[in-house]
Amino acid sequence: MTHGKPHGKLIGASLGPGDPELITRRAWAVLQSGARWLYPVKKAEENSYALSIVERGGIAVPQDAEELVFPMTRDAEILTKAWARAATRTVELLAEGRDLVFLVEGDASTFATFGHLARVVRELAPEVEVETIPGVSSFAAAAAASGITLAEEDETLAVIPAAYGVDIIDQLLDEFDTLVLLKVKPLVDEVIELLEHRDLLATTCFIEKVGAPDERVVRDVASLRGEKVSYLSLMLVQNPKRVRGELRRGCRKRKEAREQERTPA
Ligand SMILES: C[S@@+](CC[C@H](N)C(=O)[O-])C[C@H]1O[C@@H](n2cnc3c(N)ncnc32)[C@H](O)[C@@H]1O
């Protein structure tokens, strides 16, 4: 694969979670650099959320922009075939020598298709250069939209797919001051039940399609019982009752020690 023209570079451009104002200047520049666009869809010719962010930002979609299909299934055979097809097509296009920009919703290093695509592409063509443009994650934007602080000082923060189930979430609530539950859609009712049991409904917020025109911030999380929510939704759960251990070395301790040093005995 190395003979002839050098490969183009594969660029993962994070676009933020929905508001085009949150596209970084670097991603914005790459989108207009002449690199060919690739964007993910769940089914052939279906709408692409990542593409819709750029369209709302006012950049015209180039004629030769191409979709790559990443089906939403747990069927290993279907997934393997789809991934192989997407990676092979990406390498084919890179071999033409032009840079490719893969549009990523949210941040490209956070639960994103791009990481996996880049890995498979490198397996097929190790000489391909990969660049990742970081961006605003869904949960950073959700925290801002809901006025929630994810972590302060020595607080602990975990970001997990809710699919681990409520038993694990229950355990993590003892370890972390804030939990970000991604991909919460299929577990909303179970999570509500757990939060009710732990008396944490008042310190939980549900955020759907943050940054998109139909963004929704729901503070009365119990009202979501039985509702079919969007896949693009998450919960921010704060546990103010968490019992914390002693800090061995932390900013607070060092600050206290400094203050003691400054105070004459
Ligand atoms: C495959 S992960 C993608 C994460 C993304 N790369 C990021 O940086 O946030 C998909 C999950 O992220 C969350 N998510 C992504 N975009 C979102 C949005 N605009 N609003 C709320 N949650 C979102 C949802 O929990 C969704 O199920």
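Let me start with contacts along the chain: among those between residues at least 6 apart in sequence, 71% join residues at least 24 apart. Please keep in mind that this is a predicted model. One pair to look at is Trp 28 and Val 54, which are 26 residues apart in sequence and 8.8 Å apart in space, C-alpha to C-alpha. Trp 28 belongs to helix H1, residues 25-31. With 17 other C-beta atoms within 10 Å, Trp 28 counts as partly exposed.

Now the overall picture. The chain has eight helices and 10 strands, and its C-alpha atoms fill a box of roughly 75 × 55 × 35 Å along the principal axes. Of the 265 residues, 33% are buried.

The domain assignment splits the chain into domain 1 (10-136) and domain 2 (139-238). Their C-alpha centres lie 27 Å apart. Domain 1 gives eight residues to the contact, and domain 2 gives nine. If you sort the domain 1 side by class, you find five nonpolar, two polar and one charged residues.

That brings us to the ligand. Where does the ligand lie with respect to domain 1 and domain 2? Both domains give residues to the shell around the ligand, so the ligand lies between them. The shell holds 23 residues, and the closest are Pro 17, Gly 106, Ser 137, Ser 138 and Leu 182. Three elements give two or more residues to this shell: helix H5 (138-146), strand E8 (204-208) and strand E10 (233-238). For those of you thinking about chemistry, the shell has 11 nonpolar, seven polar and five charged residues.

Next, a helix I'd like you to rotate on your screens: H3, residues 76-94. Helix H3 has 19 residues and reaches 27 Å from its first C-alpha to its last, close to the 27 Å expected at 1.5 Å a residue. Which residues of H3 are buried? They are Ala 86, Ala 87, Thr 90, Val 91 and Leu 94. Looking down the axis of H3, you see these buried residues fall within an arc of 130°, so they line one face of the helix. As a reminder, an α-helix has 3.6 residues a turn, so residues three or four places apart point the same way.

And what covers that buried side? The cover of the buried residues of H3 includes strands E1 (10-14), E2 (36-41), E3 (66-69) and E4 (100-104), together with helix H4 (113-124). Turn to the face of H3 that points away from the buried side, and you meet the exposed residues Glu 77, Ile 78, Lys 81, Ala 84 and Glu 92.

Finally, two backbone details for anyone who likes to check torsions. Most residues other than glycine have a negative phi. Glu 153 is not a glycine, yet its phi is positive, about 45°. Glu 153 sits in the loop between H5 and strand E6 (157-161). Is Glu 153 buried or exposed? It has 10 C-beta neighbours inside 10 Å, and therefore Glu 153 counts as exposed.

The other one is Asp 199, with a positive phi of about 60° although it is not a glycine either. You'll find Asp 199 in the loop between helix H7 (188-197) and E8. Asp 199 has 10 C-beta neighbours inside 10 Å, so it counts as exposed.

Terms used: Residues numbered from 1 in each chain as written. Predicted model: local features only at pLDDT ≥ 70, side-chain atom pairs only at ≥ 80, totals over all residues. Near = placed C-beta within 6 Å. Helix = DSSP H or I, 4+ residues; strand = E, 2+ residues; numbered from the N terminus. Nonpolar A, V, L, I, M, F, W, Y, C, P; charged D, E, K, R; others polar. Domains from an automatic or database assignment. Expected span 1.5 Å × (residues − 1). Buried ≥ 20, exposed ≤ 12 C-beta atoms within 10 Å, placed from the backbone. Arc of directions from axis to C-beta. Contact = placed C-beta atoms within 7 Å.
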